[in-house]
Amino acid sequence: MTIILNNRPEVFDVEHLSVSRMLELKRFTFRMRIIKINGVLVPKDRYDSTSIMEGDNVQMLYLMSGG
Amino acid sequence: MRFAEIREHLSHFRVGIAGAGGLGSNCAVALARSGVGTIVISDFDVIEPANLNRQYYFTSQVGMLKTAALKENLSRINPDIIVIAHAEKLNTKNIPVIFDGCDVIVEAFDKDEMKEMLIETVQTSMPGIPLIVGSGLAGWGKSDAIKFRKIDDTLYVCGDESTTVDEELPPMGPRVAMVANMQANTVIEILMKQFKDYFRV
């Protein structure tokens with residue numbers, strides 16, 4: 001399936017894609033992040049249960065300490 | 001558009017700032033100078049000497065609550081605005097109460113887990129309210145790495161999105177204030193959006 005990840009098309013060779021699986025496949029290991037799918041925030045405790053669908057707009061933001 | 005008109009327009013809005021450290025104090029100063037009518041600040045910390053390398057406070061204010069000192073400093077810059085100060089630690093319960101009625105909220109925390117908590121809370125409990133996040137401002141130089149990104153109508157990011165502060169890469173005045181002022185500039189862009197056709201570059 002093809003999704004939009006931070007404004008770029010990304011192809012995943014899978015039928016079903018959870019948020020956790022997407023992070024594994026992309027090897028995104030940095031922990032502090034915010035993920036929104038089609039403008040809706042996905043809480044961290046729902047990464048396993050939330051599916052990403054064909055064409056979804058996924059936005060990811062890393063949170064760096066400092067202020 | 002003349003500044004007097006801009007200031008008059010901005011005087012009708014209320015902006016929340018979560019945290020009164022390097023990002024929050026500098027962002028608040030920029031918004032106060034611009035004439036944002038009401039600024040709601042929240043922070044539970046007191047000023048320490050080490051804060052003065054980047055935070056908008058003075059040596060005579062060391063030991064004061066940041067909220068009290070910031071309120072004093074903002075009133076010296078612009079006595080015409082209202083500053084509401086909450087000396088409280090923010091959590092998922094009090095964020096929607098403290099920032100109720102705010103047109104825009106600025107995330108100005110230091111620690112990444114607090115940033116995450118605030119973003120999750122505002123985005124789920126206060127739908128439609130734009131939130132401006134600061135992420136990535138450690139060290140010095142690399143001005144061109146600091147950027148602005150609109151994720152959607154309710155979430156904006158300012159910062160390099162890659163550096164984390166630590167002992168060897170401390171937060172410093174110039175870069176912290178750059179991000180804080182980008183956050184303030186984003187607030188003003190949102191509040192001025194009906195006048196965007198006036199903006200010529």
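In this predicted model, a good place to start is chain B, where B:Gly16 has B:Ile105 of S4(B) as its bridge partner. That pair belongs to a parallel pairing in which strand S1 (residues 14-18) and strand S4 (residues 104-107) of chain B are joined by four bridges. From there we can look at the sheet around these strands, and then turn to a strand of chain A that is largely enclosed by the rest of the structure.

**The sheet of chain B**

- Seven strands of chain B make up an open sheet with mixed pairing, in the order S3-S2-S1-S4-S5-S7-S6.
- Its edges are strand S3 (82-86) and strand S6 (147-152) of chain B, each of which pairs on one side only.
- On average, neighbouring strands of this sheet are turned by 15° against each other, direction ignored.
- Helix H5 (residues 112-125) of chain B lies across S1, S4, strand S5 (131-134) and strand S7 (155-159) of that chain, and runs at about 170° to S5(B).

**Strand S4 of chain A: burial**

- Because five of the five residues of strand S4 (residues 33-37) of chain A are buried, this strand is largely enclosed by the rest of the structure.
- A:Arg33, A:Ile35 and A:Ile37 point one way from S4(A), while A:Ile34 and A:Lys36 point the other way.

**Strand S4 of chain A: partners**

- With strand S7 (residues 57-62) of chain A, S4(A) pairs in the antiparallel sense over five bridges, and here A:Ile35 stands opposite A:Met60.
- S4(A) also runs antiparallel to strand S5 (residues 40-41) of chain A, joined by two bridges, with A:Ile37 opposite A:Val40.
- S4(A) and S5(A) form a hairpin with two residues between them, and A:Asn38 in the turn has a positive phi of about 50°.

Conventions
Residues are numbered from 1 along each chain as its sequence is written. Chains are lettered from A and ligands numbered from 1 in the order in which they are written. This is a predicted model: local features need pLDDT of at least 70, side-chain atom pairs count only at pLDDT 80 or more; totals for chains, interfaces and linings use all residues. Side-chain values use heavy atoms; hydrogens and water are left out. Buried means under 20% relative accessible area, exposed over 50%, partly exposed in between (1.4 Å probe, protein chains only). Two strands pair if DSSP finds at least two bridges between them. Axes are lines fitted to C-alpha atoms, for helices over the stretch in contact, and angles run from 0 to 180 degrees between N-to-C directions. Contact means heavy atoms within 4.5 Å.
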